[in-house]
Amino acid sequence: MAEVLLAAKAVAKHFGGVKALRDVSLSIREGEIYGLIGPNGAGKTTFFNCMTGLYIPDGGGFDFAGAPLKADAPHQAAERGIARTFQNIRLFANMTALENVMVGRHVRTAAGVLGAMFQNRATRAEEAAIRQRAEDLLHYVRIEDRADDLAKNLSYGDQRRLEIARALATEPKLLCLDEPAAGMNATETEELRDLIEGIRRDGTTILLIEHDVKLVMGLCDRVAVLDYGALVIEDVPAVVQKDQRVIEAYLGA
Amino acid sequence: MSKWLNPRSAFGIALIAAALIALPFVAAMGGQAWVRILNFAILYVFLALGLNIVVGFAGLLDLGYIAFYAVGAYTYALLASPHFGLHWPFWVILPIGAAVACFFGVLLGSPTLKLRGDYLAIVTLGFGEIVRIFLNNLNAPINVTNGPQGITLIDTVAFGDFRFSGTSQVLGVSLSGPQKYYFLLVALAIFVIIINLRLQNSRIGRAWQAIREDEIAAKAIGINTRNLKLLAFAMGASFGGVAGGVFSAMQGFVSPESFSLIESIMILAMVVLGGMGHIPGVILGAVLLSILPEVLRYGVGPLQMALFGKMLIDPESLRMLIFGLALVLVMRFKPAGLWPSPERKRELSEKRAGAV
C-alpha cells in the first residue's frame with residue numbers, strides 16, 4: 001500500500017453552535033485521486049480551509065508527509081506542498097494569466113528586495129526561470145495563447161484552468177481542487193478530467209471536492225463522504241456507491 | 001535591457017536628460033524662487049513614489065505617510081544643527097534617517113496588519129497626527145524637538161568642502177544653492193524611479209500586487225502576507241525618511257507645522273490623481289499638484305488686479321477650490337487617474353488584434 005500523504009486526525013471545527021466538522025479522520029495516500037463529496041453544507045470546504053490553514057481547527061489536526069501541519073499558517077501549508085483552488089475562483093483579476101502563474105512560483109523562489117534593486121545575475125536567472133516555468137504551465141493546461149490577457153477577461157473554463165496552473169506553480173505534493181467542474185458543460189468537464197488524470201500521472205496526489213457524482217466516481221481511486229460535518233464512509237467508489245447511508249444522505253436525495 | 005539600446009528610447013532618454021539639465025537654468029530666469037518651486041516638485045515626486053510602494057503596489061491605504069517624512073527631517077535636524085551641537089555629515093545622517101523612518105514604518109505596520117482599506121486609513125491617519133503632536137510637545141521635560149518653534153540653523157548638505165548653500169563654480173558654470181540642490185534631488189529621484197521600476201517587475205512586486213488583488217488567494221499560494229506588507233511599509237517609510245532629510249537640509253529649518261495631515265493627503269492625492277501603481281502617472285501627479293498651486297499664487301493675484309482692479313478671491317482659497325474640483329472631475333472622468341497603467345491599452349490592442 002502506498003504511503004499516507006495526508007492524515008486528518010479527528011478534525012473538528014464549529015462556528016458558534018454549528019458543528020461544521022465533527023471529528024473527521026481520513027487519510028489520503030500518495031499518488032491517488034481522492035474524492036470528497038457530500039451534500040451542500042456538509043463541511044467539505046471547511047475541511048479544505050482547515051487543511052490549508054485559512055481556518056484554525058477547534059480540535060484535531062493534520063499530518064502531512066510525515067510531520068504535523070501548523071494551524072493558522074496558510075503560506076506554510078503551501079511551502080510544505082499543499083496547493084489549492086477555490087470554489088468561487090480567486091484569481092488575481094487585474095494581472096495577466098502569465099503573471100498569475102508567475103506569482104505562484106513565489107514560494108519556490110528566493111529573490112528579495114536587494115536582488116530586485118541590483119538585478120544581479122542570480123536574480124535575472126531566477127526571473128527567467130520563473131517566466132519559463134510559468135509559460136510551460138500555461139502550455140500544460142492549454143491556455144498558452146491567453147498568456148497576456150488579464151485574468152478577469154478569460155472565459156470561465158480558462159479561469160479554472162489558470163487557477164490550476166497557478167496552484168501547480170507552487171510544486172505541490174497534494175493538489176486540492178474545490179469543485180473544479182462547477183458550471184462546466186459536458187465537454188469542458190471531460191477536458192478537465194483528462195487534465196486531472198494527467199496531473200496525477202505526473203506524480204501529484206489530488207484531493208477533489210466535487211458535486212458531479214459521475215465525475216467523482218469515474219475519476220477517483222477512493223472517495224470519502226461527509227454529511228452534517230461527519231465522515232459517513234471512506235472507500236473505493238464501487239463500495240461507496242452501494243452504501244445505504246450514502247444513498248440516503250446524498251445520492252438518493 | 002535590450003529596450004534601452006533601441007535608438008528611439010535612447011533619443012528619448014537623451015532628450016529628457018537635456019531638458020532636466022536645462023530646467024534649473026530656465027527657471028532661474030524667473031528668479032531663484034522658481035528653482036525652489038522646482039526643487040519641491042521633485043521632492044514631492046520622490047515622496048509620491050515612496051508612497052506608491054505602499055499604496056500603489058501593495059494596496060495599503062496609508063494616510064499618515066508624512067510622519068515618516070517628519071521622522072527623517074527631524075533626524076537630520078537633530079544630528080546636524082546647533083540644537084544638540086552635533087554636525088554629522090549628510091551622507092552619514094541620510095542612511096540613519098532612512099533607518100529610523102524604516103523602524104517607524106514597521107512600528108506602524110505591525111499592529112495594522114489585519115486592517116484593510118478604510119480601517120487602515122484611519123489608523124495611519126492617527127499615527128501621522130501622533131508623530132506631529134509628539135514633535136510639537138517634546139520640548140519638555142527634556143527639550144528634544146524644541147516644540148512648535150522648530151529647529152533652526154540646520155547644516156546644509158556638504159561633501160567635504162563643497163557646500164550646497166551659496167553660489168559656487170562647477171565646471172566653469174556658476175550654480176546657485178537651489179540649483180545645486182536641484183541636481184542632488186534629480187539624482188535621488190532617478191534613484192527612486194529605478195528602484196520603483198525594478199521592484200514592480202520583480203518577485204516581490206508581483207507578490208505585493210497579488211496581495212492587493214486577493215489576500216486570501218495570495219496566502220494560499222504561499223505568500224507570507226505579513227512579512228511582505230511590513231516590507232512595503234518599511235520601504236515606503238525609508239524613502240519618506242530620505243526625503244525628509246533632504247528637506248531639512250534644503251530649508252535649514254523644520255517645525256511640526258510642515259507635517260500636517262493636509263500634506264499626507266496631498267501626497268496621496270498625487271498618487272491617486274496621477275494613476276495609482278503606474279510610475280509615470282505618479283510622477284505626473286506629483287509635478288502637477290506641486291507646481292500648479294505656485295502658478296496660481298503668482299498668476300491669479302496679478303490677473304485679478306488687471307481684470308477687476310482689486311483682489312476678489314485670495315489665491316490660497318482658490319487653490320483649495322480648484323484642487324477639490326479637479327479631484328471630483330478626475331474621479332468622474334478618469335477614475336484610474338490621469339495617466340493609468342497600460343492595462344487598458346493592452347486590452348484595447350488585444351481587441352484590435354482579435355478583430356483582424
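**Reading the A–B interface**

Student: How much area is buried between chain A and chain B?

Tutor: About 2,900 Å² is buried between the two chains, and carbon and sulfur atoms give 61% of that. Keep in mind that this is a predicted model.

Student: OK, and how many residues of each chain are in contact?

Tutor: Here 39 residues of chain A touch 29 residues of chain B.

Student: How many salt bridges and polar contacts cross the interface?

Tutor: To call a salt bridge, look for a side-chain nitrogen of Lys or Arg within 4 Å of a carboxyl oxygen of Asp or Glu. Across this interface the rule finds two. In one of them, A:Arg90 pairs with B:Asp214, with 2.8 Å between the closest N and O atoms. As for polar contacts, nine residue pairs make them across the interface, both partners being at pLDDT 80 or more.

Student: Which elements of chain A give two or more residues to that side?

Tutor: They are helix H2 (74–80), strand S6 (82–84), helix H3 (97–104), helix H4 (113–118) and helix H5 (121–140). Sorted by class, chain A's side has 20 nonpolar, ten polar and nine charged residues.

Student: How many salt bridges does the whole structure have?

Tutor: Over all chains, the search finds 17. Try A:Asp178 with A:Arg84, where the closest N and O atoms are 3.8 Å apart. A:Asp178 sits in strand S7 (residues 174–178) of chain A and A:Arg84 in strand S6, so this pair ties together parts 94 residues apart in sequence.

Student: Which residues form a nonpolar patch on the surface of chain B?

Tutor: That patch is made of B:Leu303, B:Leu307, B:Phe308, B:Leu312 and B:Ile313, and together they have about 520 Å² of accessible area. To find the patch, start at B:Leu303, which is in helix H11 (residues 279–308) of chain B.

Conventions: Residues numbered from 1 in each chain as written. Chains lettered and ligands numbered in written order. Predicted model: local features only at pLDDT ≥ 70, side-chain atom pairs only at ≥ 80, totals over all residues. Heavy atoms only, no water. Patch = residues over 30% accessible without salt bridge, like charges linked within 9 Å, V, L, I, M, F, W, Y side chains within 5 Å. Areas by Shrake-Rupley, 256 points an atom, 1.4 Å probe, with all protein chains shown as cover. Helix = DSSP H or I, 4+ residues; strand = E, 2+ residues; numbered from the N terminus. Contact = heavy atoms within 4.5 Å. Buried area = accessible area lost by both parts, 1.4 Å probe. Polar contact = N/O pair within 3.5 Å; in protein donor to acceptor, adjacent residues only side chain to side chain. Nonpolar A, V, L, I, M, F, W, Y, C, P; charged D, E, K, R; others polar.
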